[in-house]
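Biologist: I have a chain on the screen and some questions about how it packs. Shall we take them in turn?

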Amino acid sequence: MSDLAHPVAQAGERLFAQHCGVDAVNRAEQGEWPLALWQGIEALGAGQLLVPENRGGAGGDWHDACLLLERAGEHNAPVPIAETLLAAWLLDCAGLPLPSGALALACSDAELLHTASPGRLSLQLRKVPWASACTNLVVAAPHGDGTALLYVPRAAFKVTRGVALSGEPRDDVSIADLDIAGAGVALRRIEALGYIECLSRAALLRAALMAGACRRVLALTLQYTSERIQFGRAIGQFQAVQHQLVQLAEEAAAARVAVHAAAITTDPRWCVAANAAAKLRAGEAAGLAVRIAHQLHGAIGITIEHALHQST
């Protein structure tokens, strides 16, 4: 954890609390880009959090990033913070300049450096998060023991809009006969970064968002069970409900602990395994948390007016 951890997390908490209300998230799911929220994120320097200070970044570490993303997940922030964080880190690893604006990130099994010969490249990517909302695209792919990284400006790829179950954009991207020596395009090797490690870092950041969402699910469920009256008392006073609340709290805590443990793992021999374990544990926690929360909320939990669905 660096000195940035708590100041960035606290600033992110204030920003998300101000701009990520239920109505704002619903509008984002209808396709409205939350401009004020993203401007606040850029002012916070979140996109450059993982980039060293001597290269124009904030000099943060993975634990700092996870603390920020937990807050984003807790407030259902409808913007590609995780994608921009990771894409900026990859660009820095490849020695490429950091652009402004939101970055879309895709992972592909295609051998980009072989496909690109003789200097042209065509690529189809499915369900890329936030591609339609971002100004640039970064594609990571395997290359031997390292990673190939492709940077493409918005004018050089086409997007077919799609939506995930969560309401977030999941777009199909088409890159046709791209000149890899063209203006704004870059294709680089990152020899020091294995593709599996790249994927595991993405999994860690997603797990951090999930851990934050689990914490929000717990808070909403505690509030609802303390307010919902049945048989003359709040349902949270019934022992069977209390047992479920305890299990929900355990799962939210377990996801957070797993994420933090992975985020502070610096030994390269264990990094991938720790990130995978965090994602696995967060996924298990999310499944149980969603089941318990919706069971205790009943019918109101699946309505568009209630906030629960935005987290689950």
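Biologist: What percentage of the 312 residues in the chain is buried?

Modeller: This is a predicted model, where local features need pLDDT of at least 70, side-chain atom pairs count only at pLDDT 80 or more, and totals for chains, interfaces and linings use all residues. Residues are numbered from 1 along each chain as its sequence is written, and side-chain values use heavy atoms, leaving out hydrogens and water. Buried means under 20% relative accessible area, with a 1.4 Å probe and protein chains only. By that cut-off the buried share of the 312 residues is 52%.

Biologist: What radius of gyration does the chain have?

Modeller: The radius is taken over C-alpha atoms, and the globule rule is 2.2 Å times the number of residues to the power 0.38. For 312 residues a compact globule would come near 20 Å, and the chain agrees, at 20 Å.

Biologist: Which helix gives the largest share of the largest nonpolar core?

Modeller: A nonpolar core joins buried Ala, Val, Leu, Ile, Met, Phe, Trp, Tyr and Cys residues through side-chain atoms within 4.5 Å. The largest has 94 residues; Phe16, Ile81, Leu137, Leu150 and Ile175 touch the most other members. Helices are DSSP runs of H or I, at least four residues, numbered from the N terminus. The largest share of this core, 12 residues, comes from residues 195-227, helix α7.

Biologist: Which residues does Ile175 touch?

Modeller: Contact means heavy atoms within 4.5 Å. Residues up to four places away in sequence are not counted. That leaves Leu121, Ser122, Leu123, Leu137, Leu150, Val152, Ala156 and Phe157.

How values were computed. Buried < 20%, exposed > 50% of the residue type's maximum accessible area, 1.4 Å probe, protein only. Helix = DSSP H or I, 4+ residues; strand = E, 2+ residues; numbered from the N terminus.
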